[in-house]
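Below are my notes on the model you sent round. They are set out as numbered points, for checking against the coordinates.

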Amino acid sequence: MTTTTQRTPEQTRQTPIPGRQVSPGIFNPRQLLVSFPDALRKFHPRHQLRNPVMFVVWVGSILVTVFAIGDPSVFTIAVAVWLWATVLFANLAEAVAEGRGKAQAESLRKTKKDAVARLTTGETVPGTELRIGDLVVVEAGEVIPGDGDVVEGIATVDESAITGESAPVIRESGGDRSAVTGGTTVLSDRIIVKITTKPGESFVDRMIALVEGAERQKTPNEIALTILLSTLTIIFLLAVVALQPFAVFSGGQQSVIVLTALLVCLIPTTIGALLSAIGIAGMDRLVQRNVLATSGKAVEAAGDIDTLLLDKTGTITWGNRRATGFIPVGGASLDDLVDAARLSSLADGTPEGRSIVDLAVTEYGRSAEPTDREKTGEFVPFTAQTRTSGIDLGDRRIRKGAASGFVLTGETRRVVDEISAQGGTPLVVADNDAVLGVIRLSDVVKPGMRERFAELRAMGIRTVMVTGDNPLTAKAIAAEAGVDDYLAEAKPEDKMALIRAEQEGGKLVAMTGDGTNDAPALAQSDVGVAMNTGTSAAKEAGNMVDLDSDPTKLIEIVEIGKQLLITRGALTTFSVANDLAKYFAILPAMFAAIHPQLGGLNVMGLHSPNSAILSAVVFNALIIVVLIPLALRGVRYKPASASALLRRNLLIYGLGGIVTPFAGIWLIDLLVRLIPGIG
Amino acid sequence: MSSTAAGLLQVGFLLVALAVVYRPFGDYMARVYTGTTHSRVERAIYRTARVDPGSEQRWGTYAQAVIGFSFVGVVLLIILQRVQSVLPFDFGRGNVPPGMAFNTAISFVTNTNWQSYVPEAVMGHTVQMAGLTVQNFVSGAVGMAVAVALVRGFTRDQTDRLGNFWVDLVRGTLRILLPVATLFAIVLVATGVVMSLKSGVTVDGHTVATAPVASQEAIKELGTNGGGVLNANSAHPFENPNGWSNLVEIFLILLIPVCLTRTFGTMVGNRKQGHVLLGVMGVLWSAMLAVIWTAEANGLRPLEGKETRFGIPSSALFADTTTATSTGAVNAMHDSFTGLGGGGTLLNMLFGEMTPGGVGTGLYSILVMAIIAMFLAGLMVGRTPEYLGKKLGRREVTAAAVSILAMPTVVLIGAGIAAILPSTQGALNNPGPHGLSEILYAYASASNNNGSAFAGITVTGDWFQASLGVCMALGRFLPIIAVLCLAGSLARQKKVPVTAGTLPTTGPLFATLLTGAIVLVAALTFIPALALGPIAEALL
């Protein structure tokens with residue numbers, strides 16, 4: 001229906017990449033080395049107690065070490081060493097995940113240094129002693145000392161320290177572009193900032209705490225999963241402890257070392273070791289995309305979103321209406337109409353006016369620059385009375401404007417109505433009262449939006465477009481963009497009512513917003529993403545802030561939330577599925593001596609009982625290291641229906657989890673059997 | 001007709017019969033538990049017991065009522081056994097010894113019906129009829145009440161009320177168990193089951209014990225109780241005279257557990273939810289039937305321990321059904337089964353009695369397993385896990401975990417201690433792997449409230465009487481408390497609407513997942529123990 005003809009550079013920057021998947025984070029094996037000291041520190045029992053699964057391994061390692069000292073042999077010492085390695089690898093996974101945030105925190109800390117605040121009273125205080133309500137003067141070249149709102153003046157601000165975006169942004173008093181962040185630099189002009197946060201609770205402080213994972217609390221799903229993992233651990237503990245009396249009954253008492261090795265292999269160490277790394281890395285992925293979440297809970301909630309409220313303007317469409325067509329009427333030629341439209345807009349600085357010239361230039365080969373004769377024309381600006389604007393050139397009075405400013409024929413009226421019905425805005429063009437035709441202004445939907453909404457639909461998320469437009473226009477844009485529903489002529493309280501109604505039905509709602517009047521709705525929604533360009537009120541109300549101020553970011557946030565849960569679920573499944581192979585490795589090794597027929601279960605053809613048990617232990621430890629990159633990156637996520645996702649993940653991590661250890665343990669055994677004293 | 005063909009024909013008959021009653025009976029049970037009117041008899045009972053049938057209970061009160069009622073049942077049953085000598089129809093069998101009375105009381109109240117006694121030598125008709133039979137009815141009704149309370153947890157929205165235990169108990173007994181048991185007691189008499197108040201009949205100088213068998217036989221199977229009136233249980237010609245009575249008994253065992261899936265589907269407003277559970281139960285029941293049947297047909301001495309009038313297929317069918325339903329009635333000697341066949345019956349119990357499980361217990365057990373499966377599945381699709389419109393958070397997972405943990409804990413600790421007690425060696429008929437299987441079987445049977453005996457083990461010693469009694473009680477009531485707590489926390493939640501992002505729980509994918517979860521949990525927990533028992537035996 002409509003085509004864009006030109007894009008301003010700013011618009012290009014914000015273009016969402018259609019169908020973009022959550023991209024993997026970077027993992028450098030060097031990180032393992034760098035994090036080693038931190039990993040060692042985590043051997044402290046207080047730290048181990050936080051993770052029930054790994055605590056059992058930790059206790060098991062001590063137990064085995066004691067028994068290995070009492071009965072030293074290559075086998076017993078090797079088992080002890082590898083059990084400690086299992087704990088170490090778990091520590092390492094967590095340390096690596098935390099390490100990635102630490103570097104970021106360091107660079108953020110630098111922004112906090114040496115900020116000195118000049119109060120309007122003339123006093124000078126360190127930035128760390130500012131109180132809420134203080135008025136601070138900041139001039140070009142100075143660092144803004146704290147978070148606040150511009151109450152006077154306008155300035156360009158370099159926010160690259162926070163956002164990484166080098167292009168300066170404009171901050172001005174009043175309106176929705178008034179918020180400034182402590183640590184950013186004013187490049188030009190002078191502003192007065194009213195401080196809105198206490199020192200130590202500023203945006204940068206929160207960001208530092210976030211990336212360092214210092215305030216990391218377990219999320220609800222993580223707690224529930226930990227309970228399940230603890231349950232599995234207890235079951236296996238019982239199974240292994242009860243095995244000893246059965247073994248005694250059968251005449252084959254087992255050593256504590258072998259039983260502990262079996263226990264450690266059975267309990268879900270893989271997921272237990274990686275669980276907190278997955279959580280930290282999930283938050284980190286958000287930070288990498290320049291999104292700050294106030295809590296991990298909000299990230300998890302993002303994966304559960306049922307309904308997404310998106311503002312039409314700026315999110316779904318480019319924001320300003322653009323000329324997309326010329327329709328001549330009453331015998332006027334298309335050329336006449338294009339010429340008149342161009343003329344009337346040459347001196348019109350509004351985005352609409354510029355877009356008319358753009359269209360005449362790109363589609364009809366007209367000149368963008370006025371000729372010398374055209375420059376003599378007198379521009380007639382828009383007034384509320386005439387509701388038209390245009391140019392007086394010699395005796396020609398060329399006007400363009402809303403239909404109500406002209407006397408229309410039946411034909412023109414039909415064209416005007418048709419454009420309105422399609423969601424466009426008609427501008428009538430007349431030359432000395434003779435109507436030449438109509439310019440169609442349309443709200444242009446950003447490319448790729450339809451695909452993204454289709455993806456969201458596949459994920460089971462309903463999108464609702466919120467717009468102040470009349471229902472007719474809203475419907476047309478909604479149909480073009482492919483959203484599921486729309487809320488037309490929406491006032492802030494309508495948005496609020498919609499959120500409440502959805503929540504009443506048990507649904508989780510996400511939205512983006514930037515204005516102060518968005519704040520209540522942001523607070524009410526389950527996931528509220530505030531734009532960094534927005535007001536402090538909006539940023540306070542939401543539970544996430546997007547530093548890029550890209551409203552389509554919400555879609556990525558949802559994907560990251562889902563990816564976080566999927567990674568946990570997939571690795572849990574993998575971990576439990578691994579146990580089957582471990583039984584096949586260890587049970588024959590333990591009991592073939594008393595029941596030779598159980599040797600038949602040694603399907604991997606493992607060399608000896610000792611090599612079989614050690615291989616299983618080694619596999620169990622190494623798989624943690626192998627999976628660290630996956631835990632940090634998250635499993636691959638592609639929007640799809642719940643059933644499709646489950647089928648895929650069950651195949652890869654369930655079936656894969658059954659098969660992989662058979663191959664892994666067999667391979668390790670080929671090496672282990674070469675160790676003197678084991679083979 | 002070959003024995004295999006006859007067996008298949010029986011299975012066919014059984015399935016057709018169940019299919020015919022599935023809808024009407026399942027829906028009838030749903031009406032029983034959702035109806036608002038009370039019959040005259042029920043009102044009289046409520047008046048006498050001072051129960052307000054209109055008031056509903058929170059999960060804690062509901063659980064207290066279950067425990068309190070069961071505790072009183074145990075006490076009464078112990079008293080009844082201990083004063084048997086003064087009761088009529090005791091035939092001079094005297095008072096039941098204390099350990100045995102304790103064990104038996106718990107056994108019947110927990111719907112286990114583990115029998116450490118020889119009925120025709122120990123129990124008179126009064127204790128049988130006024131004690132054991134009464135518990136056969138009410139213990140079944142208790143299981144159903146708990147299941148219904150859990151289903152209400154799913155169907156209700158933002159309430160802390162789960163229904164009224166006393167109403168559920170009375171309705172389950174009077175409207176479901178009593179009428180069906182009465183009808184089938186008559187049917188069983190028609191097939192030749194004995195119904196007599198005499199102590200026995202003397203034929204050619206041999207006295208064969210008799211009892212009011214048919215009336216107890218019907219509820220023994222219908223309530224998935226399994227405690228025989230005569231020691232040989234359903235292998236005894238007076239309890240189970242022929243192929244037809246055998247088929248009727250198997251039908252009765254499966255009737256309620258199977259139809260409850262329909263009741264569940266009807267109550268949650270989506271019958272497919274019930275069908276998928278039935279599908280999972282059916283697949284595992286059939287698979288284990290195939291295992292036991294094949295193992296027995298190919299055994300070294302195929303007919304050892306089996307009644308010739310039933311043959312291998314009917315024995316396998318009965319053994320599979322009785323162990324998969326927490327019934328425990330037997331028509332053959334499971335101890336004589338092959339390593340694989342006997343292991344199959346053991347595994348059936350270790351699945352946690354949900355394929356299809358006992359009356360009510362089967363439904364709530366499989367729902368708990370579904371919650372665990374859906375928790376993992378939910379994570380794997382990237383949403384906070386939910387099942388039937390309820391989120392599975394910390395409280396729900398904890399309750400489900402406790403419920404699942406109870407049985408393995410009790411089995412492994414009980415069997416573990418028993419295995420190393422010096423006295424155990426003397427109680428066993430067999431050494432080695434088979435002996436271990438016998439111990440495992442006894443504790444699995446008690447802890448899962450099955451009650452079938454592998455036999456081959458003398459369980460009248462104090463240790464066994466006491467420990468098995470404790471196992472039965474813990475195996476019954478720990479999960480019940482956890483399940484009611486789960487129900488309470490589910491009912492409090494707001495219902496989550498089904499959206500396009502909801503993982504469907506009605507298709508083959510969910511069925512596969514649930515089947516996998518049941519098998520995997522049992523396998524991972526018990527493989528080490530099984531390796532030294534049935535697996536070592538089967539691989540010989």
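**Notes on the predicted model**

1. Start with Arg399(A). Leaving aside residues up to four places away in sequence, Arg399(A) touches Val380(A), Thr388(A), Ser389(A), Gly390(A), Ile391(A), Asp392(A), Phe406(A), Val428(A), Val429(A) and Ala430(A). The model is predicted, and the points below should be read with that in mind.

2. Arg399(A) sits in strand E15 of chain A, residues 396–401. Is the residue buried or exposed? Its relative accessible area is 15%, so Arg399(A) counts as buried, the cut-off being under 20%. The side chain of Arg399(A) comes to 3.4 Å from the backbone oxygen of Ile391(A), and Ile391(A) is also in the list of residues touched.

3. Chain A has four domains. Domain 1 is made of three segments, 29–101, 217–285 and 559–673. Domain 2 covers 130–198, domain 3 joins 291–316 to 446–547, and domain 4 covers 322–415.

4. Domains 2 and 3 of chain A have C-alpha centres 27 Å apart. In their contact, 14 residues of domain 2 of chain A meet 11 residues of domain 3 of chain A. About 840 Å² is buried between these two domains, with carbon and sulfur atoms giving 43% of that area. On the domain 2 side, strand E4 (148–152) and helix H7 (160–163) of chain A are the elements that give two or more residues. That side divides into two nonpolar, seven polar and five charged residues.

5. What does the count of salt bridges give between domain 2 of chain A and domain 3 of chain A? The count is zero. The rule for polar contacts likewise finds zero residue pairs across this interface, with both residues required to be at pLDDT 80 or more.

6. The interface between the chains takes 59 residues from chain B and 57 residues from chain A. The buried area is about 4,900 Å², and carbon and sulfur atoms give 77% of it. Met380(B), Leu524(B) and Leu532(B) supply 15% of the area that chain B buries against chain A, more than any other three residues.

7. Between chain B and chain A there is one salt bridge. The side chains of Asp306(A) and Arg383(B) meet in a salt bridge at 3.3 Å, N to O. Nine residue pairs are in polar contact between the chains, both residues at pLDDT 80 or more. Which elements of chain B supply at least two residues each to the side that touches chain A? They are helices H13 (361–380), H14 (394–420), H16 (432–447) and H18 (508–538). H18(B) gives the most, with 14 residues. The chain B side as a whole divides into 40 nonpolar, 13 polar and six charged residues.

8. Some backbone geometry in chain B should be checked. The peptide bond from Thr355(B) to Pro356(B) is cis, with omega near 5°. Pro356(B) is placed in the loop between helix H12 (339–350) and H13 of chain B.

9. Phe91(B) is not a glycine, yet has a positive phi of about 50°. Phe91(B) lies in the loop between helix H3 (59–82) and helix H4 (98–109) of chain B and is partly exposed, at 33% relative accessible area.

10. Thr224(B), also a residue other than glycine, has a positive phi near 45°. The loop between helix H8 (213–222) and helix H9 (243–268) of chain B holds Thr224(B). With a relative accessibility of 0%, Thr224(B) counts as buried.

Notes. Residues are numbered from 1 along each chain as its sequence is written. Chains are lettered from A and ligands numbered from 1 in the order in which they are written. This is a predicted model: local features need pLDDT of at least 70, side-chain atom pairs count only at pLDDT 80 or more; totals for chains, interfaces and linings use all residues. Side-chain values use heavy atoms; hydrogens and water are left out. Domain bounds come from an automatic or database domain assignment. Contact means heavy atoms within 4.5 Å. Buried area is the accessible area (1.4 Å probe) that two parts lose on being put together, summed over both. A salt bridge is a side-chain nitrogen of Lys or Arg within 4 Å of a carboxyl oxygen of Asp or Glu. A polar contact is a pair of N or O atoms within 3.5 Å; within protein, one must be able to donate a hydrogen and the other to accept it, and residues adjacent in sequence count only if both atoms are side-chain atoms. Helices (H or I, at least four residues) and strands (E, at least two) are DSSP runs, numbered from the N terminus. Ala, Val, Leu, Ile, Met, Phe, Trp, Tyr, Cys and Pro count as nonpolar, Asp, Glu, Lys and Arg as charged, and the others, Gly among them, as polar. Buried means under 20% relative accessible area, exposed over 50%, partly exposed in between (1.4 Å probe, protein chains only).
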